[in-house]
Amino acid sequence: MIEVRFFAMLKKLSGTGARQYEVSEPITVLELKQLLKEDMPALSEVLDSRSVLVSVNEEFARDDELVADGDVVGLLPPFSGG
Amino acid sequence: MDFTDEQIERYSRHIILPEVGGKGQTKLLESKVFVLGAGGLGSPALLYLAAAGVGTIGIADGDVVDVSNLQRQIIHDNNTVGMAKVESARKSIEALNPDVVVNTFNSRLGIENIREVLRDYDVVLDGSDNFPTRYLMNDASFFEGKTLISGSMFRFDGQVSVFKPADGYPCYRCLYPEPPPKGMVPSCQEAGVLGALAGVIGVLQAVEAIKEILSIGKVLAGELLIFDALGMSFRKVKVRRDPDCALCGENATIKELSLYEQAPCELRT
């Protein structure tokens with residue numbers, strides 16, 4: 001099970017704080033994004049935009065890095081307010 | 001430099017800290033910090049930087065004080081409503097600590113002169129309220145080799161990080177190569193923010209600026225701190241330099257400053 005957590009405005013766009021995905025083998029961050037887009041089309045534009053920081057177990061992860069069973073993924077958008 | 005009796009008393013709680021001492025306090029008095037935005041984040045940051053005896057503080061903001069600012073922008077008050085924010089901030093700082101020299105920039109900063117202005121400062125603090133300015137400050141700080149202490153907020157959440165690409169740490173673009181699409185930028189109705197959150201985040205920025213000047217402790221370089229006020233939790237995410245970063249990467253494509261457009265609503269505080 002991969003747990004994906006949504007933060008700030010992504011929580012609103014996805015309509016949820018977290019979601020779990022079963023995977024039989026490790027997948028890349030890019031593949032996980034694809035899964036998320038199919039599951040929640042409202043996230044498509046944002047996930048395609050390179051404006052969301054993806055963390056895997058509290059560490060920044062690039063699109064080609066792997067996510068495996070038991071990992072916690074965070075989707076962190078930037079904030080503009082000051 | 002020699003302290004006056006008044007300074008020894010004023011900074012005594014710093015001077016008795018071994019990590020600061022007279023030497024550190026002198027460093028602070030000789031330091032120059034540039035603060036972009038005298039708003040929610042800038043207000044508390046400016047007050048603590050001034051109280052700490054940062055010798056020169058540059059403040060840039062093009063707005064005037066509005067009553068709706070006072071819920072969080074604590075450097076301003078009822079008596080300065082209608083006044084330029086930079087002047088209102090100067091007034092508060094001068095009342096707090098006469099040791100501080102304040103330089104103000106009221107809407108005269110842009111692509112043409114921002115680099116030249118930053119050149120005079122040691123540390124840059126970003127408390128701006130829109131993405132175009134955040135990217136501009138990141139790029140200008142990178143080109144001038146200045147440490148950028150970034151803070152930002154959304155409703156009940158805040159982020160803080162220290163960008164030092166000159167020392168091998170990531171810049172803002174390493175984390176966020178592109179600004180978010182329109183759908184992700186909060187609308188006017190959604191742009192509310194918990195006033196006291198600005199205090200938490202702005203003061204964390206001041207703490208990082210002071211540590212950076214004193215070269216003590218470990219700043220949030222290579223780390224993104226995320227504060228959730230409702231859950232009352234602090235989390236840190238490890239971040240790293242992107243070798244493909246368009247600004248600080250090996251094959252950088254951004255060679256000069258530029259500004260992109262954004263919807264007018266989002267540009268407002």
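This talk describes strand 5 of chain B with its neighbouring elements, and then the packing of helix 9 of chain B. Please keep in mind throughout that the model is predicted.

I begin with strand 5 of chain B, which spans residues 147-154. How many of its eight residues are buried? The count is eight of eight, and the strand is accordingly described as mostly covered. The covering applies to both faces. On one side we find B:Thr147, B:Ile149, B:Gly151 and B:Met153, and on the other B:Leu148, B:Ser150, B:Ser152 and B:Phe154, all of them buried.

I turn next to the pairing partners. Strand 4 of chain B, residues 123-126, runs parallel to strand 5 of chain B, and four bridges join the two. Within this pairing, B:Asp126 is placed opposite B:Ser150. The connection between these strands involves helix 7 of chain B, residues 131-144: strand 4, helix 7 and strand 5 of chain B together form a right-handed β-α-β unit.

The other partner to discuss is strand 6 of chain B, residues 157-163, which pairs with strand 5 of chain B in the antiparallel sense over seven bridges. Here B:Phe154 stands opposite B:Asp157. Strands 5 and 6 of chain B form a hairpin with two residues between the strands, and in this hairpin B:Arg155 adopts a positive phi near 55 degrees.

Let me now move to the helices. Helix 4 of chain B, residues 42-51, packs against helix 9 of chain B, residues 195-214, at an angle of about 40 degrees, and their axes are 7 Å apart. Because of that angle, helix 4 of chain B counts as oblique to helix 9 of chain B. The crossing of the two helices is right-handed. Which residues meet there? From helix 4 of chain B, the contributors include B:Gly42, B:Ala45 and B:Tyr48; from helix 9 of chain B, they include B:Gly199, B:Gly202 and B:Ala206.

Finally, I consider a single residue of helix 9 of chain B, namely B:Leu197. Is B:Leu197 buried or exposed? It is buried, because 23 other C-beta atoms lie within 10 Å, and the threshold for that class is 20 or more. Leaving aside residues up to four places away in sequence, B:Leu197 touches B:Met153, B:Phe156, B:Gly158 and B:Ala229. One of these, B:Met153, brings us back to strand 5 of chain B, and another, B:Gly158, falls within the residue range of strand 6 of chain B, 157-163. By contrast, the C-alpha atoms of B:Leu197 and B:Arg108 are 29 Å apart in space, with 89 residues separating the two in sequence.

Methods
Residues numbered from 1 in each chain as written. Chains lettered and ligands numbered in written order. Predicted model: local features only at pLDDT ≥ 70, side-chain atom pairs only at ≥ 80, totals over all residues. Buried ≥ 20, exposed ≤ 12 C-beta atoms within 10 Å, placed from the backbone. Pairing = 2+ DSSP bridges. Right-handed = clockwise from strand over helix to strand, strands pointing away. Axes fitted to C-alpha atoms, helices over the stretch in contact; angles between N-to-C directions. Parallel < 35°, antiparallel > 145°, perpendicular 65-115°, else oblique. Left-handed = near helix turned anticlockwise from the far one by under 90°. Contact = placed C-beta atoms within 7 Å.
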